[in-house]
Each structure stands twice: as structure tokens, then as C-alpha cells.
Amino acid sequence: MLRKLFALPVLLATFSDPSFAETDVKRAGTGPDVLILGDSQISFGAGRVYNDFFADIENKCAPYDTSGIGLPALRNASVASLGVRSTGLHSWVATDEQTKATICEVDKKYGVNAGVYGVGGKRDRAFVQMGKGPHYQFCTRDRSPFQEMFANGYYAPKVFVMAFLGNASQRWAGSPETARRDVALTLSQLPPGMPCIFMTTVPVHGSKVNAERTKAQANIKAAFDLYRRCDFVEGYTPEVVAEIEGNAKYFRRRDNGTVKDPFHPSPSAVRRFVALNTPQICRAVINQLGQ
């Protein structure tokens, strides 16, 4: 086990890629100052809640900013959330076509695979297809979506928030080594010095799924803690899970009151999630900006 742990810095170096070097194609920067990237929970309403919070982060986090030197950097910052359905962190760091297909293949049924808020300065939600349009050029053969996202300052956020868990819960819950590998690849593809935060998604309705995601959270947190670069927000706290799990009012319901969609909490659930985790989120942002 010790040999495996000591090998991880070498693993990180092995996965390093010239993602930030000059390429043949010059692209003007398009990304926001604060980017929240995640899965379909963002598309179902979490994106607007996240945007509202980070757009007012100086006020929201003032009680936790004892230094006073970090949060003013985000005053009047542009904020955007981007959620691509059925994706996990591993989807964004993959260079092979099969693994990144959830991002780059055109959705056969709807023609779009993502819900975005604030990208391109548009506040309202828009449904888009990754790889199409000037703001979503993340798909190039033999390169990962992250490598394309951050090349030449295409996206260069002052704070980058990764909000994932659900679509990697089995992957991470079942294998701490896989979690470490995903983190190593991620950190090798983020621009040096870019402030980064990993935040879990919001708990879902079912207890069995939440139990697995709690285990996955522990493994992915341990992986991020190993490298001590990105701050980690443990959204699956006992208080948060107790508040949202099994609570039908936080989910879309049928006319008879039963839960229609147990995997995508409502905006009111996301607001409660953010409220309960505000101290964690604020300390993470302040710590990242103060480094």
C-alpha cells in the first residue's frame, strides 16, 4: 500500500500533458470568471442556484473572510454553470473517444446534452450540445475535454468548481485507486495555479443510492487530500442527507404526490444544500484565492 501511495506523485507527473502550450488554433477566451462544471443536476436547476450564490459571494462569505484579501477578487465576477448529463470527472479527463462520448457525441434523441446558465453572458438556461457553437469547443481527437477547455486561455476561471459524484459513485465507491487515478489525471490537466474546488452533487431521494455516494465521497476526498491542491466540499454531510433524503417536497412529483424523479433535486433542495454547506464553500473559495 505504501508503495502505491508513494507512486502517486510519479503517476501525476506521468499524466502531465502540454495542455496549456501553444496550439495551431488560436481561440479567444470565452469562459467566465467563476465556472461551476457538473452533470445533469445543474441542468435541472442547480445551475441557477449556484450562479446566484457565486455572483453574490462577497456578501455570502463575508463572515468567513477574516483576511479580507480574497473575496474582492470576485467582485462583479462573471459566473456560469455548465452541466452535461451522465458525465463524471473521468469523462472530462479522457482522451479516448469511448470514455468522453457522453460529452462529445451528439445526443441521438434530443440533439443536445447539456444545460448551461451564464455561458456567453446569457443568464437564463440554455440547452446545448458540447462540441457545437463557439463556447463549447471541447472535443478534439486524442485530447481530453479539459485539455481543450483550458488550452490558450479558452476557459480561464478565477475559481473553478467541479460539482460531480452521481455518475462516478460506483466507480469511486468501489475503488479508492480509481478515485486517485481520476484525481491525478484531473490535476495534470488543470492550468498551474488555477484555484480549484471539488464539491459533491446534492443528495438524492433514495437511501441506498445516498449510502453508496457517501462512500464514493470519502474515497474521492481522500484522493484530493493526497495532493492538497483543490479544496474539497463534502456536500454529503449527515445533516444535509437527513434534510433531503426521502423528503418528497425536494423532488418533482406526480399528481398523486409520489416522487417522479428521485435523482434530480429541485432548486429548493439545492438552495438548502448550499445554505447548509455555505461555511464549507466559503472557506474553500477563500483558501484557494489566498494561496
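Visitor: Just after H9, what sign does the phi of arginine 228 take, and about how many degrees is it?
Guide: In this predicted model, helix H9 covers residues 207-227, and arginine 228 comes just after the helix. The phi that arginine 228 takes there is positive, at about 55 degrees.

Visitor: How many Å does H9 reach from its first C-alpha to its last?
Guide: Helix H9 has 21 residues, and at 1.5 Å a residue a span of 30 Å is expected. The reach from the first C-alpha of H9 to the last is close to that expected value, at 31 Å.

Visitor: Which strands does H9 touch where it packs on the sheet?
Guide: The sheet is an open one of seven strands with mixed pairing, in the order S4-S3-S2-S1-S5-S6-S7. H9 has buried residues, including Ala216, Ile220 and Phe224, and its direction makes about 165 degrees with that of S7. The strands that H9 touches are S5, S6 and S7.

Visitor: Which strands stand at the edges of the sheet, and why is one side of each left without a neighbour?
Guide: A strand at the edge of this sheet has a single partner strand, so one side of that strand is left without a neighbour in the sheet. At one edge the partnership is antiparallel, with S3 and S4 joined over four bridges, and at the other S6 and S7 pair in the parallel sense over three bridges. The strands at the edges are S4 (125-128) and S7 (231-233).

Visitor: Which residue in S7 stands opposite methionine 199?
Guide: Methionine 199 belongs to S6, where it is the bridge partner of alanine 163, and S5 and S6 run parallel, joined by four bridges. Methionine 199 also stands opposite a residue of S7, and that residue is valine 233.

Visitor: Which hand does the crossover from S6 to S7 have?
Guide: The chain leaves S6, passes through H9 and arrives at S7, which makes a β-α-β crossover. The hand of this crossover is right-handed.

Visitor: Which residues of S6 point the other way from Cys196 and Phe198, and are they buried or exposed?
Guide: In a regular strand the side chains alternate between the two faces of the sheet. In S6, Cys196 and Phe198 point one way, and the residues that point the other way, likewise buried, are Ile197 and Met199.

Visitor: Which residues have the most contacts inside the largest nonpolar core?
Guide: The largest nonpolar core has 47 residues, while a second, separate core has 37 and includes Tyr50 and Ile286. Leucine 82 touches, among others, Leu35, Val116 and Trp92. The residues with the most contacts inside the largest core are Leu82 and Trp92.

Definitions and conventions:
Residues are numbered from 1 along each chain as its sequence is written. This is a predicted model: local features need pLDDT of at least 70, side-chain atom pairs count only at pLDDT 80 or more; totals for chains, interfaces and linings use all residues. Side-chain values use heavy atoms; hydrogens and water are left out. A nonpolar core is a set of buried Ala, Val, Leu, Ile, Met, Phe, Trp, Tyr and Cys residues joined through side-chain atoms within 4.5 Å. Buried means under 20% relative accessible area, exposed over 50%, partly exposed in between (1.4 Å probe, protein chains only). Contact means heavy atoms within 4.5 Å. Helices (H or I, at least four residues) and strands (E, at least two) are DSSP runs, numbered from the N terminus. The expected span of a helix is 1.5 Å times one less than its number of residues. Two strands pair if DSSP finds at least two bridges between them. Axes are lines fitted to C-alpha atoms, for helices over the stretch in contact, and angles run from 0 to 180 degrees between N-to-C directions. A crossover is right-handed if, with the strands pointing away from the viewer, the path from the first strand over the helix to the second runs clockwise. Lists of a residue's contacts leave out its neighbours within four places in sequence.
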